[in-house]
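Welcome! Let's look at this molecule together and ask how each label attached to it is earned.

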Amino acid sequence: MRSRLGAVGMVALGALMPLLFWLSGGLLALITLRRGVAESGIVLVGATALLLPIHAVLLGTPLAVLQPLALVWLPVMGMAWILRTTLSLALTVQVGAIVAVAAVAIFHAIHGDPTLFWTQTLEAVSDRLLAAPPGAGWDQAVEQLAPRLTGLWATNVLAVAVLCLLLGRFWQAMLYNPGGFRSEFHELRFALWFAAGAGAAVIAGMIGGPGLVADLGVILGAVFILQAVAIAHAVVARRGWHKGWLVGFYLVLPLLLRPAVLVGLADTFMDFRARLARGT
């Protein structure tokens with residue numbers, strides 16, 4: 001935040017290191033939230049320019065910089081700009097989810113059969129990386145995974161953007177508004193119309209099987225995992241419980257994703273946190 005050159009260097013460094021990609025996205029979110037999209041755009045251009053020759057030397061192609069640019073930086077900057085404009089975390093995540101839904105619908109329209117596209121892509125990757133045919137087990141995995149990869153891919157991009165946005169918002173609160181992020185996140189609750197649409201998509205996707213509707217259900221359902229996480233944090237804070245409860249919650253969360261979706265959806269209609277505050 002003190003130096004534009006330092007920001008460019010840190011964003012580029014985070015993109016170069018796979019385990020630190022969240023750092024570059026969080027920094028761009030922080031800069032956008034605090035100084036606006038024009039300033040973060042300058043940092044983005046600078047980081048891209050810095051990475052072009054590095055990727056050309058290390059990977060043999062400067063176009064590798066398009067991966068963090070398209071999958072992390074631009075989505076994070078867009079969502080941070082919306083949050084800066086609307087001052088609503090819930091609305092920002094909803095807009096991000098709607099954009100992801102539109103992207104998946106366009107993907108289905110362009111490719112016609114996304115399952116065939118992903119099957120061919122996975123086979124090409126295996127042929128390039130493996131010296132020998134991977135065998136029947138790989139074929140079965142591809143057959144099961146390919147019909148669902150469109151929704152999972154879009155959900156992953158959205159999840160990374162949201163997590164980087166939350167990190168940037170957390171840093172902003174630490175620097176300029178201590179405690180602000182905590183209260184904002186604890187009250188995160190999506191709109192009724194959004195929950196109704198998400199619930200319908202989730203149910204229809206479960207009934208109809210893999211396809212466009214199922215992909216949309218995966219994206220929209222995943223958003224309500226975030227609301228379930230917000231509920232967990234709010235309950236622990238309001239009850240005065242030890243933070244070890246949150247550690248346990250995060251450990252079991254990967255095993256309970258569908259129940260978490262249901263809790264998040266139900267909270268939109270029943271408002272568990274308000275009931276907790278009233279003691280009912």
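Contact here means heavy atoms within 4.5 Å. The model you see is predicted.

Q: Which residues does Phe190 touch, not counting residues up to four places away in sequence?
A: By that cut-off, Phe190 touches Ala90, Val93, Gln94, Val223, Phe224, Leu226, Gln227 and Thr268.

Q: What makes a set of residues a nonpolar core, and which residues have the most contacts inside the largest one?
A: Its members must be buried residues of certain nonpolar kinds, joined through side-chain atoms within 4.5 Å. The largest nonpolar core has 61 such residues, and Trp73, Phe185 and Phe190 have the most contacts inside it. Helix H11 gives the largest share of this core, 10 residues. Another core, of 6 residues, lies apart from it, with Phe107, Trp118, Leu122 and Val142 among its members. In soluble globular proteins, nonpolar side chains tend to be buried together.

Q: What share of the residues of the chain count as buried?
A: Buried means under 20% relative accessible area, and 43% of the 280 residues count as buried.

Q: How do you know that the chain agrees with a compact globule?
A: A compact globule of 280 residues would have a radius of gyration near 19 Å, and the chain has 20 Å, so the two agree. Along its principal axes, the C-alpha trace spans about 60 × 55 × 35 Å.

Q: How many helices and how many strands are there in the chain?
A: The chain has 14 helices and 0 strands, so every element in its order, read from the N terminus on, is α.

Q: What lines the largest pocket, and which residues lie nearest its centre?
A: Lining residues are those with an atom within 4 Å of a pocket point. For the largest pocket there are 47, of which Gly221, Ala222, Val223, Ile225 and Leu257 lie nearest the centre. Helix H8 (149-176) is one of the elements that give two or more residues to this lining, and H8 supplies the largest share, 13 residues. The volume of this pocket is about 1500 Å³.

Q: How many residues of each class are in the lining of the second largest pocket?
A: There are 14 nonpolar, 4 polar and no charged residues. The lining of the largest pocket, for its part, has 32 nonpolar, 11 polar and 4 charged residues. The second largest pocket has a volume of about 620 Å³, and Ala64, Gln67, Pro68, Leu71 and Val72 lie nearest its centre.

Definitions and conventions:
Residues are numbered from 1 along each chain as its sequence is written. This is a predicted model: local features need pLDDT of at least 70, side-chain atom pairs count only at pLDDT 80 or more; totals for chains, interfaces and linings use all residues. Side-chain values use heavy atoms; hydrogens and water are left out. On a 1 Å grid over the protein atoms alone, a cavity is a set of points where a 1.4 Å probe fits but cannot get out, and a pocket is an open set with protein on both sides within 12 Å along at least five of seven lines; lining residues have an atom within 4 Å of a point. Grid points are joined across faces, edges and corners, and a volume is the space filled by probe spheres set on the points. Helices (H or I, at least four residues) and strands (E, at least two) are DSSP runs, numbered from the N terminus. Ala, Val, Leu, Ile, Met, Phe, Trp, Tyr, Cys and Pro count as nonpolar, Asp, Glu, Lys and Arg as charged, and the others, Gly among them, as polar. Buried means under 20% relative accessible area, exposed over 50%, partly exposed in between (1.4 Å probe, protein chains only). The radius of gyration is taken over C-alpha atoms; the globule rule is 2.2 Å times the number of residues to the power 0.38.
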